[in-house]
Amino acid sequence: MTTLYVDNIAPNLQSRVAIPGHVIQVVQSDTSTPHSNTGASYSHTNLTGSITPSSTTSKILILVDSVGRMYRNAGAGSTVSVLLYKDGSAVSDTERRYNGYDNGDAWYDAFHVGITYLDSPSTTSSVEYKLYAKNTAATFNPEVQFQQDSHKSTITLMEIAG
C-alpha cells in the first residue's frame with residue numbers, strides 16, 4: 001500500500017473542469033427602464049443580457065421573465081408579438097404571441113412573457129441576447145409597454161458544458 005503525504009494543496013485556477021451537461025456559468029441581467037412602442041415594427045424592450053462562452057461546444061440556456069401590457073383604442077382587438085434577438089438577428093424559434101380582444105372600449109391588457117430557449121452559439125466571443133416586441137395591430141393607435149409601474153424584467157443566461 002502506498003501512502004501520500006501532502007503539506008499543501010493549491011488549486012489550479014487556470015483550468016476549468018467542464019462536465020457535459022453541467023452549468024459552467026450563470027449571468028443574469030434585469031431592467032426596470034420603461035419601454036413603449038406604438039409602431040408596427042419590432043423594438044427593443046430594454047432587456048439585454050450578454051455572456052461569453054468558455055468553449056465553442058457550450059450551449060446557452062436563455063430564460064426570459066417579463067410582464068408587458070398592450071393597449072388599443074375602441075373597436076379593435078390586439079396582438080403583441082415578442083421575439084428574442086441574438087447579436088442583432090431574430091431567433092425565429094422564440095416568437096411568442098399574446099392576444100387581446102375587442103370589447104368595444106379602449107383598454108390595457110397585461111400579459112406575462114416567459115421564454116426558455118437553448119442556443120448553440122459555437123463561439124468563445126461575447127454573445128448578446130435582447131427582447132424585442134411589437135403590437136401587430138397597425139391601426140387604432142396600438143401600443144405595447146414593458147417595465148411600466150416599476151415592474152422588472154429579467155434575462156438569465158446559463159452556459160451548459162457541451
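**Salt bridges, aromatic pairs and core of an all-strand model**

In the predicted model, the side chains of R97 and E95 form a salt bridge, with nitrogen and oxygen 3.3 Å apart. E95 has a relative accessible area of 34% and is therefore partly exposed. The R97–E95 pair belongs to a total of four salt bridges. Another of them joins the side chains of K130 and E128, at an N to O distance of 3.8 Å. K130 is partly exposed, with 23% relative accessibility, and E128 likewise falls in the partly exposed class, at 30%.

A further salt bridge connects R69 and D149, whose side chains meet at 3.5 Å from N to O. R69 belongs to strand β4, whereas D149 is found in the loop between β10 and β11; the pair thus links distant parts of the chain, 80 residues apart. R69 is partly exposed, its relative accessible area being 25%. D149 counts as exposed because its relative accessibility is 59%, which is over the 50% that marks the exposed class.

The fold behind these pairs is built from strands. The protein contains eleven strands and zero helices, and from the N terminus on, its elements follow one another as β-β-β-β-β-β-β-β-β-β-β. Of the contacts between residues at least 6 apart in sequence, 80% join residues at least 24 apart. Buried residues account for 38% of the 162 residues. The accessible surface of the protein amounts to about 9,100 Å², and carbon and sulfur atoms contribute 48% of this area.

In soluble globular proteins, nonpolar side chains tend to be buried together. In this model, the largest nonpolar core comprises 24 residues, and the members with the most contacts inside it are I62, V64, V82, F111, V113 and Y129. Two or more residues of this core come from each of β3, β4 (59–72), β5, β8, β9 (127–135), β10 (143–146) and β11. Strand β8 supplies the largest share, five residues. The surroundings of one core member, V113, can be listed: apart from neighbours within four places in sequence, V113 is in contact with V64, D65, S66, V82, Y98, L131 and F146.

Aromatic rings were examined next. A pair of aromatic rings is described by the distance of the centres and the angle of the planes. There are four aromatic pairs in total. In one of them, the rings of Y42 and Y85 have centres 6.5 Å apart and planes at 65°, so the arrangement is edge-to-face. Y42 sits in the loop between β2 (35–37) and β3 (43–51), and Y85 in strand β5 (residues 79–86), so this pair ties together parts of the chain 43 residues apart in sequence. Y42 is partly exposed because its relative accessibility is 23%, while Y85 is buried, at 16%.

A second aromatic pair consists of Y98 and F111, which are stacked, with 4.8 Å between centres and 20° between planes. Y98 is part of strand β7 (residues 96–99) and F111 part of strand β8 (residues 107–119); with their positions 13 residues apart in sequence, the pair links distant parts of the chain. Y98 is buried, with a relative accessibility of 14%. F111 is buried as well, its relative accessible area being 6%. Ring pairs also connect Y42, Y85 and Y132 into a cluster.

A charged residue is found among the buried positions. E159 lies in strand β11 (residues 153–160). E159 has a relative accessible area of 0% and is therefore buried, since the buried class takes in values under 20%. The side chain of E159 comes within 2.8 Å of the backbone nitrogen of S54. Leaving out residues up to four places away in sequence, E159 touches H22, V23, I24, Q25, I51, T52, P53, S54, S55, S58, K59 and I60. S54 thus appears both in this list of contacts and as the residue whose backbone nitrogen the E159 side chain reaches.

Definitions and conventions. Residues are numbered from 1 along each chain as its sequence is written. This is a predicted model: local features need pLDDT of at least 70, side-chain atom pairs count only at pLDDT 80 or more; totals for chains, interfaces and linings use all residues. Side-chain values use heavy atoms; hydrogens and water are left out. Rings of Phe, Tyr and Trp (its six-membered ring) pair if their centres lie within 6.5 Å; planes under 30 degrees apart count as stacked, over 60 as edge-to-face and the rest as tilted. Helices (H or I, at least four residues) and strands (E, at least two) are DSSP runs, numbered from the N terminus. Buried means under 20% relative accessible area, exposed over 50%, partly exposed in between (1.4 Å probe, protein chains only). A polar contact is a pair of N or O atoms within 3.5 Å; within protein, one must be able to donate a hydrogen and the other to accept it, and residues adjacent in sequence count only if both atoms are side-chain atoms. Contact means heavy atoms within 4.5 Å. Accessible areas come from the Shrake-Rupley method with a 1.4 Å probe; for residues, only the protein chains shown count as cover. A nonpolar core is a set of buried Ala, Val, Leu, Ile, Met, Phe, Trp, Tyr and Cys residues joined through side-chain atoms within 4.5 Å.
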